[in-house]
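Hi,

Here is the structure I promised to pass on. Have a look at it first, then read on for what turned up.

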Amino acid sequence: MVADNRDDFSAKIKRTLAERVGFLCSCPSCRVPTIGPHTNPEKSANVGVAAHITAAAIGGPRYDANMSPADRSGISNGIWLCENCARIIDKDPVSYPVKLLQEWKTVAEQEIKEKRGKVALSSTAFPILEAELIYDTSGRVFNGYSTEILNKYGNKTIEMSEVQNLPMHYKLDWSYELILVNNSETPVYNVSIEYVSGVKFSYIEDLPKINNLKPFDKFTLKTKVVNYFKGTYKDADFQILQKYPPLIQGSVIRLKYQDNDRNNHSNLLTIKENGIIESQKEI
Ligand SMILES: [Zn+2]
């Protein structure tokens, strides 16, 4: 006889988990309907799974020994997923930790709550993603004497006071916040950005793991631009006093996202004067 040490969900809990997300997969990039008609007109066919957030049995994915069997088989430990997603999260529990799955569940239930009983606008409503670059700080750091100064002094010690008005190497940097705003009444999903052309940001903060934007919500990403510059300190100061220096103007970033129906969209963002970003739809 096989000992049954699994803390499985009751049929009622499974059903409630499914109903609370409208029988859609709770994975934000999936959302497939998990229920539909069976070939037998008297029946429905289900491809959804009440997955355990922490495993039902020892050795399973995300198993938490500190949980009681009652908690382990309780509704708060369940998430409704399609069969594919359920398999993926259990094969790679490190990429799909407890916290992430709990967030998926909250977001999926929230979405259904907002849509329930309303006319589906999703097919016609178009998401509008806009971007803006907000200046934060800029600065210069001494990055070495120029060859002119080095040649002039040879092996002698360089006196900073004597050479301070001569050209030197500087590392200039500008910090910005890249703001991505969903300026529409329809949510967007799976937002990603990629560099296309022009000066490359030396740093762009990663998007959150759940990279969905609700209507009129925004992401704020810290970014940095670095430029290696040769000139006097006055020239260098002139550069960094420009909040949006000419070198970043014309840079292009691609912004990708999906709408409610999982159609792909892509915008080309071109940085203009004063951090204004022109957004042009590609698809
Ligand atoms: Zn799924």
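A quick word on "domain" before we start: the domain bounds used here come from an automatic or database domain assignment. On that basis, the protein splits into domain 1 (11–115) and domain 2 (129–281). Keep in mind that this is a predicted model.

**How the two domains meet**

Going by C-alpha atoms, the centres of domain 1 and domain 2 are 41 Å apart. Where they touch, 10 residues of domain 1 are in contact with seven residues of domain 2. The size of an interface is often given as the accessible area lost when the parts come together. For domain 1 and domain 2, the buried area comes to about 720 Å², and carbon and sulfur atoms give 54% of that. On the domain 1 side, Pro-28, Ser-29 and Leu-100 supply 42% of the area buried against domain 2, more than any other three residues.

What about salt bridges between domain 1 and domain 2, how many are there? The count is zero. There are, however, three residue pairs in polar contact between the two domains, both residues being at pLDDT 80 or more. Sorted by class, the side of domain 1 that touches domain 2 has four nonpolar, two polar and four charged residues.

**Glu-111 and its partners**

Now go to helix α4 (residues 98–115), where you'll find Glu-111. Is Glu-111 buried or exposed? Its relative accessibility is 12%, and buried means under 20%, so Glu-111 counts as buried. If you skip the neighbours within four places in sequence, Glu-111 is in contact with Arg-31 and Tyr-189.

Take those partners one at a time. With Tyr-189, Glu-111 makes a side-chain to side-chain polar contact of 3.4 Å. With Arg-31, Glu-111 forms a salt bridge, and the closest N and O atoms are 3.0 Å apart. Arg-31 sits in the loop between α1 and β1 (35–37) while Glu-111 is in helix α4, so this pair ties together parts that are 80 residues apart in sequence. Both ends of that salt bridge, Arg-31 and Glu-111, are buried.

**Other salt bridges**

A search of the whole structure finds 13 salt bridges. Another one to look at joins Arg-15 and Glu-19, with the closest N and O atoms 2.9 Å apart. Why are Arg-15 and Glu-19 separated by about one helical turn? Because they are four residues apart in helix α1 (residues 11–20). Glu-19 is partly exposed, at a relative accessible area of 43%.

Then there is the salt bridge between Arg-254 and Glu-282, where the closest N and O atoms are 2.7 Å apart. This pair links distant parts of the chain: Arg-254 is in strand β10 (residues 252–258), Glu-282 is in the segment after β12, and their positions lie 28 residues apart in sequence numbering. Arg-254 and Glu-282 also belong to one network with Glu-194 and Lys-256, joined by salt bridges that share partners. As for Glu-282, its relative accessibility of 38% makes it partly exposed.

**A look at Gln-280**

Strand β12 (residues 277–281) holds Gln-280. With a relative accessible area of 48%, Gln-280 is partly exposed. Which residues does Gln-280 contact, leaving aside its neighbours within four places in sequence? They are Ser-266, Asn-267 and Leu-268. For Ser-266, the separation from Gln-280 is 14 residues in sequence and 8.5 Å in space, C-alpha to C-alpha.

**Two backbone angles to check**

Most residues other than glycine have a negative phi, and most peptide bonds are trans. With that in mind, look at Phe-23, which is not a glycine and yet has a positive phi of about 60°. Phe-23 is in the loop between α1 and β1, and it is buried, with a relative accessible area of 15%.

Arg-262 also has a positive phi, near 65°, and is a residue other than glycine. You'll find Arg-262 in the loop between β10 and β11 (264–271). Its relative accessibility is 18%, so Arg-262 counts as buried.

Happy browsing!

Key: Residues are numbered from 1 along each chain as its sequence is written. This is a predicted model: local features need pLDDT of at least 70, side-chain atom pairs count only at pLDDT 80 or more; totals for chains, interfaces and linings use all residues. Side-chain values use heavy atoms; hydrogens and water are left out. Helices (H or I, at least four residues) and strands (E, at least two) are DSSP runs, numbered from the N terminus. Buried means under 20% relative accessible area, exposed over 50%, partly exposed in between (1.4 Å probe, protein chains only). A polar contact is a pair of N or O atoms within 3.5 Å; within protein, one must be able to donate a hydrogen and the other to accept it, and residues adjacent in sequence count only if both atoms are side-chain atoms. Contact means heavy atoms within 4.5 Å. Buried area is the accessible area (1.4 Å probe) that two parts lose on being put together, summed over both. A salt bridge is a side-chain nitrogen of Lys or Arg within 4 Å of a carboxyl oxygen of Asp or Glu. Ala, Val, Leu, Ile, Met, Phe, Trp, Tyr, Cys and Pro count as nonpolar, Asp, Glu, Lys and Arg as charged, and the others, Gly among them, as polar.
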